[in-house]
Amino acid sequence: MKYKNIILSCVGVIVLVGGGVYIMHSQNQLPSLVSSKSSSRATESSQKTDLPNTAEADNSTLILVNKQHVLDHELDFEKSEMNGIQYSQEIDEPLRKFLNAAKDAGHPATLVSGYRSKKYQEQVFNENVQQNINNGMTESEAKKATRAVIQTPGASEHQTGLAVDVMTDEYWQQYHQLESDSDKTEGQKWLIEHAPDYGFVLRYPKSEAAKKSTGIDYESWHFRYVGVENAKYMTKHHLTLEEYDDLIQGQSTK
Ligand SMILES: [Zn+2]
């Protein structure tokens, strides 16, 4: 039961903001978001010329999943496992290296969540709807209330097997909750700072610009594998995956 609550709280953060604060971007608005954000650091053209070789639109490691890019089918990939938690085999080595390095630096961390199937997400979603109905809501009220706390099936990046929730033991062992203020611990700070060295980015950063881009509130624990070169580039230029994807798509059509 404890574990289930963790998952609910994690996805809860995702949807609360997704439903509440998300600002719809049209295709035309996104490029301006990228260029305005990047103008103080580097020009958009200089970013494009020094893009890593792996920054290709058809690079499956860079798959974008969010409310606008819903995965309506299960992806076909080999899975690995750690402590009963599954994830894509592609990230097995980098993830182990990341966690071992954290431990060696004196900051052992726990893998809290990895791959979650659409079916599982549906099950959690439907159980919550039923619970709301049992508590006296109509079906439409129940669904609305559920959407406010649980990610819509197909819109969760965990379905790709490339996303992991990792929390420093310093915080996790005390609270057993995925909370953004875990970033006040030395351990979580270490994870956030060093993730790109192992190919991971903090997928939902703290800045207001990032929140507008992802539509999701700050998550100090949710890391997404994109490969070392892409992770370092995105971090250096403060780009979310949405913005990076847009930059790559813009380049590929020129
Ligand atoms: Zn997560």
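A residue is called buried when its relative accessible area is under 20%, exposed when that area is over 50%, and partly exposed in between, with a 1.4 Å probe and protein chains only. The exercises below concern a predicted model, in which local features need pLDDT of at least 70 and side-chain atom pairs count only at pLDDT 80 or more, while totals for chains, interfaces and linings use all residues. Residues are numbered from 1 along each chain as its sequence is written, and side-chain values use heavy atoms, with hydrogens and water left out.

**Exercise 1. Two tyrosines in a helix**

Classify Y171 and Y175 by accessibility, and then describe how their rings are placed.

Solution. Begin with accessibility: Y171 has a relative accessibility of 7% and therefore counts as buried, whereas Y175, at 44%, is partly exposed. Next, locate the residues: both belong to helix 7 (residues 169–175), where they are four residues apart, or about one helical turn. Helices here are DSSP runs of H or I with at least four residues, strands are runs of E with at least two, and both are numbered from the N terminus. Rings of Phe, Tyr and Trp (its six-membered ring) pair if their centres lie within 6.5 Å, and planes under 30 degrees apart count as stacked, over 60 as edge-to-face and the rest as tilted. The ring centres of Y171 and Y175 are 4.5 Å apart with the planes at 40 degrees, so this pair is tilted.

**Exercise 2. A pair between two loops**

Describe the pair formed by F77 and Y115, and find the charged group that sits over the ring of F77.

Solution. The structure holds eight aromatic pairs. In the one formed by F77 and Y115, the centres are 5.5 Å apart and the planes meet at 90 degrees, which is edge-to-face. F77 is in the loop between helix 3 (44–49) and strand 1 (79–82), and Y115 is in the loop between strand 3 and helix 5 (118–134), so the pair ties together parts that are 38 residues apart in sequence. F77 is buried at 17% relative accessibility, and Y115 is buried at 16%. Finally, a charge sits over a ring if NZ of Lys or CZ of Arg is within 6 Å of the ring centre and within 35 degrees of the ring normal. The charged end of K79 sits over the ring of F77, 4.6 Å from its centre, and also over the ring of Y115, 4.8 Å from that centre.

**Exercise 3. The zinc ion**

Which protein donors does the zinc ion have, and where in the chain do H158 and H222 lie?

Solution. Donors are N, O and S atoms within 2.8 Å of the metal (3.2 Å for Na, K and Ca), and sites may look incomplete because water is not among the atoms. The protein donors are H158 (NE2), D165 (OD) and H222 (ND1), at 2.1 to 2.2 Å from the zinc ion, and their spacing in sequence is H-x6-D-x56-H. H158 lies in the loop between helix 6 (139–147) and strand 4, while H222 lies in strand 6, 64 residues apart, which links distant parts of the chain. H158 is buried, with a relative accessible area of 0%, and H222 is buried as well, at 1%.
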